[in-house]
Amino acid sequence: MSRAQELRDNLARVLQRIDEARSAGERADPVSLIVVTKRFPVSDITILRELGVTDIGENKEQELRAKAAEWDGEAHPRVHFIGQLQSNKAAAVARVADVVHSLDRSKLVRALARVDRVDPLEVLVQVCLDAEPGRGGVAPAGLDDLVDEVAAEPALRLRGLMAVAPLGGDPEVAFARLADLHAGVLERHTGATWLSAGMSGDLEAAVRHGATHLRVGTAILGSRPSLG
Ligand SMILES: *Cc1c(COP(=O)(O)O)cnc(C)c1O
């Protein structure tokens, strides 16, 4: 089977899963699919775009810049940066990404806001649902302050929240908690309507708990080549 056929079949299956989850959850609002293309070549992104994919996710600054250089000047996908971000790489990411999902500390607010862009950079605040911090995300106790800080920054547009379900935990529990935190943020920031949650293994649970954006890699592209 050609790569194009493989991606077409996998994409169809994922879109079907999303449709079924939306029906089961009686979700009338759309749920956006971000295809996570990290560690896969630009040729796959080209195929995905031909299949109608508009949004991709990347998690490494260097890899994203290399890919962006290949499609420079040509029509390119909307890019969501979903990886842990170092503040010294923030400017480079803000120049090529359309949305940053992983803003999780004050220092990044300042670093991302400094970049000269035509439009404000769209950002999601990543919240940590793990008992122990370390995989990225602000602890729930610090969420309100960080969200307020982003909202007060004219160069950034607060879009909502992002989270990853804890490894080995129950995604239902994690995403229910996330939905609660999101409701709290929405009370004070009515524009923060996006909820980025759900990956290949837990997208149904995420849709059930109000995810507006799913980040799906493996179920569409296959298992990722290991880091070289
Ligand atoms: C890699 C990655 C994904 C995609 O995960 P899959 O299990 O391959 O669907 C989603 N979100 C983040 C933050 C990631 O790093």
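These are my notebook entries on a predicted model of one chain and its ligand.

**Overall fold.** I began with the chain as a whole. I counted nine helices and eight strands in its secondary structure. Next I took the box along the principal axes, and the C-alpha atoms fill roughly 50 × 40 × 35 Å. I then asked what radius of gyration a compact globule of 228 residues would have. The rule puts that value near 17 Å, and the chain has 17 Å, so the two agree.

**Where the ligand sits.** I looked up the pockets next. The largest pocket turns out to be the space that the ligand takes.

**Who is around the ligand.** I listed the residues within 4 Å of the ligand. They are V36, K38, I82, V164, M199, S200, R215, V216, G217, T218 and R224. Sorting this shell by class, I got five nonpolar residues, three polar and three charged.

**Polar contacts.** Which residues put an N or O atom close to the ligand's oxygen atoms? I noted S200, where a side-chain N or O atom is 2.5 Å from a ligand oxygen. T218 also has a polar side-chain atom 2.5 Å from an oxygen atom of the ligand. For G217 the partner is a backbone N or O atom, and the distance to a ligand oxygen is 2.8 Å.

**Burial.** My last entry is on area: the ligand taken alone exposes 390 Å², and the protein buries 87% of that.

Technical notes
Residues are numbered from 1 along each chain as its sequence is written. This is a predicted model: local features need pLDDT of at least 70, side-chain atom pairs count only at pLDDT 80 or more; totals for chains, interfaces and linings use all residues. Side-chain values use heavy atoms; hydrogens and water are left out. A polar contact is a pair of N or O atoms within 3.5 Å; within protein, one must be able to donate a hydrogen and the other to accept it, and residues adjacent in sequence count only if both atoms are side-chain atoms. Accessible areas come from the Shrake-Rupley method with a 1.4 Å probe; for residues, only the protein chains shown count as cover. On a 1 Å grid over the protein atoms alone, a cavity is a set of points where a 1.4 Å probe fits but cannot get out, and a pocket is an open set with protein on both sides within 12 Å along at least five of seven lines; lining residues have an atom within 4 Å of a point. A molecule sits in a cavity or pocket if more than half of its atoms lie within 2 Å of its grid points. Ala, Val, Leu, Ile, Met, Phe, Trp, Tyr, Cys and Pro count as nonpolar, Asp, Glu, Lys and Arg as charged, and the others, Gly among them, as polar. Helices (H or I, at least four residues) and strands (E, at least two) are DSSP runs, numbered from the N terminus. The radius of gyration is taken over C-alpha atoms; the globule rule is 2.2 Å times the number of residues to the power 0.38.
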